[in-house]
Number of protein chains: 2
Amino acid sequence: MLQLDFRDRQPLHEQIKEKMKMLIIRGVLQPDEQIPSVRELAQSLTVNPNTIQKAYKNLETEGFIYSVRAKGSFVAPHPQKHAGHHPRRKVLLAELEKIVAELMYLREPKEQLFNVIHAIYAKKEVE
Amino acid sequence: MLQLDFRDRQPLHEQIKEKMKMLIIRGVLQPDEQIPSVRELAQSLTVNPNTIQKAYKNLETEGFIYSVRAKGSFVAPHPQKHAGHHPRRKVLLAELEKIVAELMYLREPKEQLFNVIHAIYAKKEVE
DNA sequence: TCTACCGTATTATGTGGGTTAATACAGTTG
DNA sequence: CAACTGTATTAACCCACATAATACGGTAGA
């Protein structure tokens, strides 16, 4: 299901969190859809169940999934309106600024960045 | 000069690298300007000289500074033309996609992202 | 030349996080 | 009852981070 890089210095639980987050954001996993159990995913990725649980715990804290004892873990419903005070928002915008600043430093054309954003937002409207 | 967060889990040498990178990108430090020596910055930040050296070494690898034995470390000249094959470019664009995708998920208006980019690129033209 | 400073390298040491491992508990499902 | 869920706890190992002490080679100024 997911592909991990065991040689990367990024922790496995973070890699798992990021990949799962992407699948949810991109709509590959639908709201209320059940995701693999802790033990099942651990076995298929050949990692320890604790590593999966840490990833799932963080995903739940960030609002991407919800877990029900003895039933399983599921994709959380998508946000319905723009929450300007969302805790993640400030972090994301700050990161965005850093990246754009460095791309500008490398003489990346501004229009290219617009194209990237357009492509992502256009994709969303399809799903 | 720089401000570090010793409680942050981000390594000190990475914090130093990122802050210095920002000062260079934003034009606070001019090309060929000398930056603090390893020992000097170590003392003023109350960290070990080895930590500074690791930050400087990575900054040099990424092309933001250059170091001359027995003379000091200096801000590298800015890139003059867009290098589409630059190693950092691919990484930065990939990160950009991740962040924009998550902001879209949080229902951030597309126009807001455009404004951020506009502001950064506009700032550059002043300097 | 002497002194002070520069970048750079090496080795040793302590600490904390990431990961694995082995259990255990509580609740649901068939 | 059996098999599966999420969750919690404890111990152990490894490695990156950071510190510390020291040294080498080259430059600059008194």
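## Overall architecture of chain A

Chain A has 5 helices and 3 strands, and in this predicted model its elements follow one another from the N terminus in the sequence α-β-α-α-β-β-α-α. The C-alpha trace of chain A extends over about 50 × 35 × 25 Å along its principal axes.

Of the 127 residues in chain A, 41% are classed as buried. When contacts in chain A between residues at least 6 apart in sequence are considered, 51% of them link residues that are at least 24 apart.

## The sheet of chain B

In chain B, an open sheet of 3 strands is arranged in the order S1-S3-S2, with antiparallel pairing. Its edge strands are S1 (34-35) and S2 (65-68) of chain B, each of which pairs on one side only. Strand S3 (residues 72-75) of chain B pairs with S1(B) in the antiparallel sense over 2 bridges, and within this part of the sheet Ile35(B) stands opposite Ser73(B), a residue of S3(B).

Helix H3 (residues 49-61) of chain B packs on this sheet and touches S1, S2 and S3 of chain B, while the direction of the helix makes about 115° with that of S2(B).

## The nonpolar core and the contacts between chains

The largest nonpolar core comprises 74 residues, among which Leu96(A) and Leu96(B) touch the most other members. Apart from its neighbours within four places in sequence, Leu96(B) is in contact with Leu96(A) itself and also with Ile99(A), Val100(A), Leu103(A), Leu113(A) and Val116(A).

A charged-type side chain also takes part in contacts between the chains: Glu102(B), located in helix H4 (residues 87-105) of chain B, has a side chain joined to that of Arg88(A) by a polar contact of 2.9 Å. Glu102(B) counts as buried because its relative accessible area is 4%, which is under the 20% cut-off. Leaving out neighbours within four places in sequence, the residues in contact with Glu102(B) are Lys21(A), Ile25(A), Phe64(A), Arg88(A) and Leu92(A).

## An exposed proline in a loop of chain A

Pro77(A) is placed in the loop between S3 and helix H4 (87-105) of chain A. With a relative accessible area of 52%, Pro77(A) is exposed, since the cut-off for that class is over 50%. Once neighbours within four places in sequence are set aside, Pro77(A) is in contact with Pro31(A), Tyr66(A) and Tyr105(B).

Along the chain, Pro77(A) and Val116(A) are 39 residues apart, and their C-alpha atoms are separated by 26 Å. Val116(A) is also one of the residues in contact with Leu96(B).

## Surroundings of DNA strand C

DNA strand C is surrounded by 25 residues, of which the closest are Leu12(A), Asn50(A), Thr51(A), Arg39(B) and Arg69(B). Of the atoms of DNA strand C that come within 4 Å of the protein, 56% belong to sugar and phosphate. The elements that each supply at least two residues of the surface near DNA strand C are helix H1 (12-25) and H3 of chain A, along with helix H2 (38-45), H3, S2 and S3 of chain B.

Individual atom pairs fill in this picture for chain A. A backbone N or O atom of Leu12(A) is 2.3 Å from a phosphate oxygen of DNA strand C, and a polar side-chain atom of Lys71(A) lies 3.4 Å from a phosphate oxygen of the strand. Asn50(A), by contrast, is placed against a base, with an N or O atom of its side chain 2.6 Å from a base nitrogen of DNA strand C.

## Surroundings of DNA strand D

DNA strand D likewise has 25 residues around it, and the closest are Arg69(A), Ala70(A), Leu12(B), Asn50(B) and Thr51(B). Among the atoms of DNA strand D within 4 Å of the protein, 55% belong to sugar or phosphate, and the rest belong to bases.

A polar backbone atom of Val38(A) is 3.0 Å from a phosphate oxygen of DNA strand D, whereas two side chains of chain B approach bases: a polar side-chain atom of Asn50(B) lies 2.6 Å from a base nitrogen, and an N or O atom in the side chain of Arg39(B) is 3.4 Å from a base nitrogen. Two or more residues of the surface near DNA strand D come from each of helix H2 (38-45), helix H3 (49-61), strand S2 (65-68) and strand S3 (72-75) of chain A, together with helix H1 (12-25) and H3 of chain B.

Conventions: Residues are numbered from 1 along each chain as its sequence is written. Chains are lettered from A and ligands numbered from 1 in the order in which they are written. This is a predicted model: local features need pLDDT of at least 70, side-chain atom pairs count only at pLDDT 80 or more; totals for chains, interfaces and linings use all residues. Side-chain values use heavy atoms; hydrogens and water are left out. A nonpolar core is a set of buried Ala, Val, Leu, Ile, Met, Phe, Trp, Tyr and Cys residues joined through side-chain atoms within 4.5 Å. Buried means under 20% relative accessible area, exposed over 50%, partly exposed in between (1.4 Å probe, protein chains only). Contact means heavy atoms within 4.5 Å. Two strands pair if DSSP finds at least two bridges between them. Helices (H or I, at least four residues) and strands (E, at least two) are DSSP runs, numbered from the N terminus. Axes are lines fitted to C-alpha atoms, for helices over the stretch in contact, and angles run from 0 to 180 degrees between N-to-C directions. A residue is near a molecule or strand if one of its heavy atoms lies within 4 Å of it. A polar contact is a pair of N or O atoms within 3.5 Å; within protein, one must be able to donate a hydrogen and the other to accept it, and residues adjacent in sequence count only if both atoms are side-chain atoms.
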